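Please open the structure in a viewer and keep residue selection at hand. The stops below proceed from selection to selection.

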Amino acid sequence: MKHLSLLLLFLFSARLAAHAQQARFEGTVLDAKSRQPLPIASVYVGPGVSTITNAEGAFALLCDSADVMRISYVGYKTVHVRASQLGSGVALQPQETPLS
């Protein structure tokens, strides 16, 4: 019984520690060539953890530092970046697709 209590205590404290690592991450999504902001770009971490950029290409998101953000915009290549390595901006490259 004592071992079960210790195990439950450990699991509960580990859950609290993992949850405590969340922080607010902010950035701007830009066109890599023109350096112009990309409004309404998608920033996705997981179910219930996503947002879009505002008119200036800026976003803010609460997530764990180890989470990977998937940043996408129509007509551009999708970028994956770890939240802890976000920096101040993410530059997206235009998608090169031939017209048919």
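Select Glu 96 first: in this predicted model, its relative accessibility is 58%, and it counts as exposed. Add Lys 33, which is also exposed, with a relative accessible area of 62%. Glu 96 and Lys 33 form a salt bridge, and the closest N and O atoms are 4.0 Å apart. This pair links distant parts of the chain, since Glu 96 belongs to the segment after β7 (89–92) and Lys 33 to the loop between β1 and β2, 63 residues apart.

How many salt bridges does the structure hold? There are two. To see the other pair, select Arg 24 and Glu 26, whose side chains meet with an N to O distance of 2.7 Å. Arg 24 is exposed, at a relative accessible area of 59%, whereas Glu 26 is partly exposed, at 47% relative accessibility.

**The chain as a whole**

Now colour the protein chain by secondary structure. One helix and seven strands appear, and along the sequence they follow the pattern α-β-β-β-β-β-β-β. The protein chain has 100 residues, of which 25% count as buried. Switch on the molecular surface: the accessible area of the protein chain comes to about 7,000 Å², and 59% of this belongs to carbon and sulfur atoms. Among contacts between residues at least 6 apart in sequence, 46% join residues at least 24 apart.

**The sheet of three strands**

Select β4, β1 and β7, in that order across the sheet. They make up an open sheet of three strands with mixed pairing. Which strands stand at the edges? They are β4 (58–64) and β7; each has a single partner strand, so one side of each is left without a neighbour in the sheet. From one strand to the next, the twist averages 35°.

Keep β1 and β4 in view. These two strands pair in the antiparallel sense over seven bridges. One position to inspect is Ala 23, whose bridge partner in β4 is Cys 63.

Move next to Val 29, another residue of strand β1. Is Val 29 buried or exposed? Val 29 counts as buried because its relative accessibility is 0%, and the cut-off for a buried residue is under 20%. Display the residues around Val 29, leaving aside its neighbours within four places in sequence: its contacts include Gln 36, Pro 37, Leu 38, Ala 41, Thr 53 and Gly 57. Further contacts of Val 29 are Phe 59, Ile 71, Val 90 and Leu 92. A distance label between the C-alpha atoms of Val 29 and Phe 59 should read 8.1 Å, although the two residues are 30 residues apart along the chain.

Then select Asp 31, which also lies in strand β1 (residues 22–31). Where is the nearest side chain of opposite charge? It is that of Lys 33, 7.2 Å away, and Asp 31 is buried yet has no salt bridge. The cut-off for a salt bridge is a nitrogen-to-oxygen distance within 4 Å. Apart from neighbours within four places in sequence, Asp 31 is in contact with Gln 36, Leu 38, Tyr 76, Leu 92 and Pro 94.

**The sheet of four strands**

Hide the previous selection and show β3, β2, β5 and β6. These strands form an open sheet in the order β3-β2-β5-β6, with antiparallel pairing. The edge strands are β3 and β6 (79–82), each of which pairs on one side only. Neighbouring strands of this sheet are turned by 20° against each other on average, direction ignored.

Zoom in on β2 (residues 42–46) and β3 (residues 49–52), which pair in the antiparallel sense over four bridges. Within this pair, Val 43 stands opposite Thr 51 in β3. The hairpin of β2 and β3 has two residues between the strands, and in it Gly 48 takes a positive phi near 80°.

Finally, turn to the pairing of β2 with β5 (residues 68–72): the two strands run antiparallel and are joined by three bridges. Select Tyr 44 to find its bridge partner in β5, Arg 70. Ser 42, in turn, stands opposite Ser 72 in β5.

Definitions and conventions:
Residues numbered from 1 in each chain as written. Predicted model: local features only at pLDDT ≥ 70, side-chain atom pairs only at ≥ 80, totals over all residues. Heavy atoms only, no water. Buried < 20%, exposed > 50% of the residue type's maximum accessible area, 1.4 Å probe, protein only. Lys, Arg positive; Asp, Glu negative; His and termini not counted. Contact = heavy atoms within 4.5 Å. Pairing = 2+ DSSP bridges. Areas by Shrake-Rupley, 256 points an atom, 1.4 Å probe, with all protein chains shown as cover. Axes fitted to C-alpha atoms, helices over the stretch in contact; angles between N-to-C directions.
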